[in-house]
Amino acid sequence: MARRSVVIVCAAVIGIGVFAVAVILTARPDIFNVAGEGSQCRSADRMASAVTPFAVGDMVGFQPIPPADITALPFDGTGDDARTIADLKGRTTLFNLWATWCAPCRIEMPHLAALHEAKTGDDFAVVAVSIDNRDANRPENFLTETNAEALDYFREPTMRLFNSLNAAGLAAGMPTTLLIAPDGCAAGVLHGAAVWDGGDAQRLIDAAVASTKS
């Protein structure tokens, strides 16, 4: 058991190093799609206000933000075939970025999977995106290892997604979770792992969804 823990820690350290180098090498202005406010973000603006009172308890780290249009960012696949956040419009989305080398992600994934099973429907979805840029099979295996098979598998290995959010001040490390309104604009962010299937998180999610119906 101790040996396995050492292996996991070493893999995490190596992964963080590779990630840091990748950020430096791919941090070019021409790949950034910096998020910006716009009239198309009215739903996100209402949502940010509605969830502010619920950023307490397990959600105390959640930060409502000025609405940010992130619809052009890719979240699954590469090149011309990549799906963008615009494809998620129509539902409130809890949008999570993770990586196999991220130790807090390993703790968080089962909670995201439980939230997905409890809440996903016509009005809400959980979208968890791997930003791993190496072995394509590792992220899928990671979902199984962390008892998160209920989550759909999405992967954006080019670093454009993370770097663009980082440039806009919306992502600092792994994991990062954004609350996205049905208009495709971000309404809030939480940096680090969270208990997403807990009562505090579910009340925040319920408030977010309710704000889109008023």
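These are legends for a set of close-up views of one predicted model.

**View 1. The whole chain, before we zoom in.** The model is predicted, and its mean pLDDT is 86, with 81% of the residues at 70 or more. There are six helices and eight strands to keep track of, and walking along the sequence you meet them as α-α-β-β-β-β-α-β-α-β-α-β-β-α. Of the 214 residues, 48% are buried. The accessible surface adds up to about 9,700 Å², and carbon and sulfur atoms own 53% of that. If you count contacts with a separation of 6 or more, 76% of them join residues 24 or more positions apart.

**View 2. The stretch to treat with care, residues 1-37.** Here pLDDT stays under 50. The model still has 43 contacts for this stretch beyond four places in sequence. Where pLDDT is low, the predicted coordinates should not be read in detail.

**View 3. The six-stranded open sheet.** The strands line up in the order β1-β8-β7-β4-β5-β6, and the pairing is mixed. At the edges are β1 (63-69) and β6 (154-155); each has a single partner strand, so one side of each has no neighbour in the sheet. For β1, the pairing is with β8: four bridges, antiparallel. At the β6 edge, β5 (residues 124-130) runs parallel to β6 and is joined to it by two bridges.

**View 4. Strand β8 and the strands on either side.** Six of the seven residues in β8 (residues 185-191) are buried, so the rest of the structure largely encloses this strand. On the β1 side, Pro64 has Gly188 of β8 as its bridge partner. On the β7 side, β7 (residues 176-180) and β8 are antiparallel and share five bridges, and Leu178 is matched with Val189 in β8. The hairpin made by β7 and β8 has four residues between the strands, and Gly184 has a positive phi near 85 degrees there.

**View 5. The β6 edge and the loop around Ala82.** Arg155 in β6 is the bridge partner of Ser130. Arg155 also gives a handy distance to Ala82: their C-alpha atoms are 9.8 Å apart, although the two residues are 73 residues apart along the chain. Ala82 belongs to the loop between β2 (74-76) and β3 (83-84). Ala82 counts as buried because its relative accessible area is 19%, under the 20% cut-off. Leaving aside residues up to four places away in sequence, Ala82 touches Pro74, Asp76 and Gly77.

**View 6. Two salt bridges that start from helix α3.** The chain has four salt bridges, and this view takes in the pairs made by Arg106 and Lys119. Glu145 and Arg106 meet through their side chains, with N to O at 3.7 Å. That pair links distant parts of the chain, with Glu145 in helix α4 (residues 137-145), Arg106 in helix α3 (residues 103-119), and their positions 39 residues apart. Arg106 is partly exposed, at 26% relative accessible area. The other pair is Asp206 with Lys119, whose closest N and O atoms are 2.6 Å apart. Again distant parts of the chain are linked: Asp206 is in helix α6 (residues 199-211) and Lys119 in helix α3, 87 residues apart. Both ends are partly exposed, Asp206 at 40% relative accessibility and Lys119 at 24%.

**View 7. A salt bridge within helix α6.** Stay in α6 and you find Arg203 and Asp200, side chain to side chain, at 2.9 Å from N to O. They are three residues apart in the helix, so about one helical turn separates them. Their surroundings put them in separate classes: Arg203 is partly exposed at 46% relative accessibility, whereas Asp200 is buried at 19%.

**View 8. Ser164 in helix α5.** This serine is part of helix α5 (residues 160-167). With a relative accessible area of 1%, Ser164 is buried. What does the side chain of Ser164 reach? The partner is the backbone oxygen of Arg160, at 2.7 Å.

Technical notes:
Residues are numbered from 1 along each chain as its sequence is written. This is a predicted model: local features need pLDDT of at least 70, side-chain atom pairs count only at pLDDT 80 or more; totals for chains, interfaces and linings use all residues. Side-chain values use heavy atoms; hydrogens and water are left out. Buried means under 20% relative accessible area, exposed over 50%, partly exposed in between (1.4 Å probe, protein chains only). A polar contact is a pair of N or O atoms within 3.5 Å; within protein, one must be able to donate a hydrogen and the other to accept it, and residues adjacent in sequence count only if both atoms are side-chain atoms. Contact means heavy atoms within 4.5 Å. Accessible areas come from the Shrake-Rupley method with a 1.4 Å probe; for residues, only the protein chains shown count as cover. pLDDT is the predictor's confidence in each residue, from 0 to 100. Two strands pair if DSSP finds at least two bridges between them.
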